[in-house]
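Thanks for coming, everyone. I would like to go through some pockets, cavities and helix contacts, and I will give the cut-offs as we come to them.

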Amino acid sequence: MSFLAELQNYQIFDFNAFFSTLTDRDITGVLNKDRLTAVDFLTLLSPKAENHLEAIAQKAHRVTLQHFGKTVLLFTPIYLANYCTNQCVYCGFNITNQLDRKKMSMEELEVEARIIAETGLKHIIILTGDSREHSPVSYISECVKVLKKHFSSIMIEVYSLTEEEYRELVNAGIDGVTMFQEVYDADIYSELHLAGPKRNYRFRLEAPERSGAAGCRTLNVGALLGLDDWRKEAFFTGLHAAYLQQNFPDAEISISTPRMRPHLGGFPPKVIVNDSNIVQYTTAFRLFMPRGGITLSSRETPKMRDHLIKLGVTKISAGACTAVGGRSHPEETGQFDISDDRSVAEMAAMLYEQGYQPVFKDWQLLV
Amino acid sequence: MQNDVFKIGGQELTSRLFLGTGKYGSNKIIPQVVEASGAQVVTVALRRVDPGQPVENVAAYVPKHCVLMPNTSGARNAEEAIRIARLAKAAGCGNWIKIEVIADNRYLLPDNYETIKATEVLAAEGFVVLPYMSPDLAAAKHMAAAGAAAIMPLGAPIGSNRGLKTKELIKILIEEIALPIIVDAGIGKPSEAAEAMEIGASAVLVNTAVAIANDPVAMAGAFGLAVSAGRTAFLAGPGAVQKYASASSPLTGFLQD
């Protein structure tokens, strides 16, 4: 079992040729369907579908309301460590970048956790750089033990693990895994990941499958938009999500739609992905996977985030900080610059204003 | 009609409408919705219960006169459902439990086999167990034998608002199972709730149809009226539905001449 085989089916697929065959009737035809195929999804991601963005958005809004109601889950990231052995050209934690490398001690983590818990948040995502030496699985597991006292759902966004390692963390108390493939095009992937264990495309691509097999209940995938044609990357992300749902029907599958942000190192995006593209991607995915989660990080501006809520977003970050121990030491350098620094209380107030309930707790730790 | 009460877990209920608490734009509206509907049983997902946060804790908005029925939303198997039920009891949510075991996130259809297993364990522990299920006679019998207090078959997939798609199967449960049959999930309009009551369901549970209505309080009131109208019609004994009109000049009338 592997998503790689499915992805390889598209190796010689000519996306532009497909897009050039589409007419307005094809778009309205898809909009009239209840269940979308992969081809329908790609149709909604086409340049032609841009003419129908409002109609797609209206339907995406209705479908989201039906399945998720007027609720949005709040979460926040905690960066545990920024030691990294990779050279990903687009990342601030790149091994060649000069920044203070740091790893939180359990005492420091306890302080950070208390600051976050006071805001009422119960869902957190913990992140590390890719360094098995500095942030081994045993360290992450120890962190989970500290965090379990304060939070009811812990997701990890760390380097790719083996199935056994994922199982170890599930037993320790994590319930979700976020894994960004960054770019699904294998050639571009090797161009951008110059050194380090992350160069292994396949090991990363199959990480969500391994975490699913290990019993994770929430699997979140995504491509970092700006590294290749966004329509292709959006399509492959959607296919990846659908593949995971097919193979792990009891898991909650979600995607993120991150766009590149300014970061230490300053690698410019290869492709500019504009606001309208993000709306098209979000709403097309909503119709393709009506029950799929859509996670929105603080990479987007307040204006974008406020508007995307009605279009399909189900989880949104609040009070975010991308530096290690950044809440107790605000002077630390983050992985990337965030665009929305609103606090948890401000995000909750914004949601209520839009008629949405900010959900603080949507899971109960069972281990 | 005054004496038309039914009992679950020793609790006498006069309202036959149960309400869910998910999907609302704000929990603050829940007391008004409950009042408008007349519901006496309100279900809350334990995954959303957060006693440490009184303002955002959904359970705090359930009026005191109602029976709080926690549910095991999020459970993927019997073991998780059992753990969630025990946590609910420990959190002070009482001893009613609606078992929801869903291992398929695309259709959200319940897993009857795992639900039966959880029913057996929790009923033996003294819970008042209300299993949510796909309407199937054999499974319902197993749940009844395992100690369920009522059976909650779905009318259509959760949140689909598609109505009483499983009507024929639910009718069989009503005829064959001695426990109250409560239609849970799928009901999108008050007329569909009335229809469930007309065929003899003991109660219905509604959430999405009320929560995402433009005016949830008014919709809750409409469901309350529909459930009571459907129940009254059932008790009144509706006339049989005829396929053909009765002829005013019968062909066999000459036999009486």
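Three helices of chain A, namely α5 (53-68), α12 and α13, each supply at least two residues of the lining of the largest pocket, where helices (H or I, at least four residues) are DSSP runs, numbered from the N terminus. This is a predicted model, in which local features need pLDDT of at least 70 and side-chain atom pairs count only at pLDDT 80 or more, while totals for chains, interfaces and linings use all residues. Residues are numbered from 1 along each chain as its sequence is written, chains are lettered from A and ligands numbered from 1 in the order in which they are written, and side-chain values use heavy atoms, with hydrogens and water left out.

The space in that largest pocket is about 1000 Å³, and of the 31 residues that line the pocket, D34(A), R35(A), H67(A), P290(A) and R106(B) lie nearest its centre. On a 1 Å grid over the protein atoms alone, a pocket is an open set of points with protein on both sides within 12 Å along at least five of seven lines, a cavity is a set where a 1.4 Å probe fits but cannot get out, and lining residues have an atom within 4 Å of a point. Grid points are joined across faces, edges and corners, and a volume is the space filled by probe spheres set on the points. By class, the pocket lining has 14 nonpolar, eight polar and nine charged residues, with Ala, Val, Leu, Ile, Met, Phe, Trp, Tyr, Cys and Pro counted as nonpolar, Asp, Glu, Lys and Arg as charged, and the others, Gly among them, as polar.

How do α12(A) and α13(A), which both contribute to that lining, pack on each other? Helix α12 (residues 230-247) and helix α13 (residues 275-288), both of chain A, pack at about 25° with their axes 11 Å apart, the axes being lines fitted to C-alpha atoms over the stretch in contact, with angles from 0 to 180 degrees between N-to-C directions. The two are therefore roughly parallel, a term for angles under 35 degrees. Their contact (heavy atoms within 4.5 Å) brings residues of α12(A), including W230(A) and R231(A), against N277(A), Q280(A), Y281(A), F285(A) and F288(A) of α13(A). The residues of this contact divide into eight nonpolar, four polar and one charged.

Turning to cavities, there are two of 30 Å³ or more. The second largest has a volume of about 80 Å³, and its lining includes Q357(A) and F360(A) as well as R48(B) and D50(B). That lining divides into four nonpolar, three polar and four charged residues.

Two further helix pairs remain. In chain A, the axes of α7 (residues 137-147) and α8 (residues 163-172) come within 9 Å and cross at roughly 15°, which makes α7(A) roughly parallel to α8(A). Here V137(A), I140(A), S141(A) and V144(A) meet E165(A), E168(A), L169(A) and A172(A).

In chain B, α6 (residues 190-198) and α8 (residues 216-236) pack at about 25°, with their axes 7 Å apart, and are therefore roughly parallel to each other. The contact of α6(B) with α8(B) has 11 nonpolar, one polar and two charged residues.

Conventions
Angles under 35 degrees count as roughly parallel, over 145 as roughly antiparallel, 65 to 115 as roughly perpendicular and the rest as oblique.
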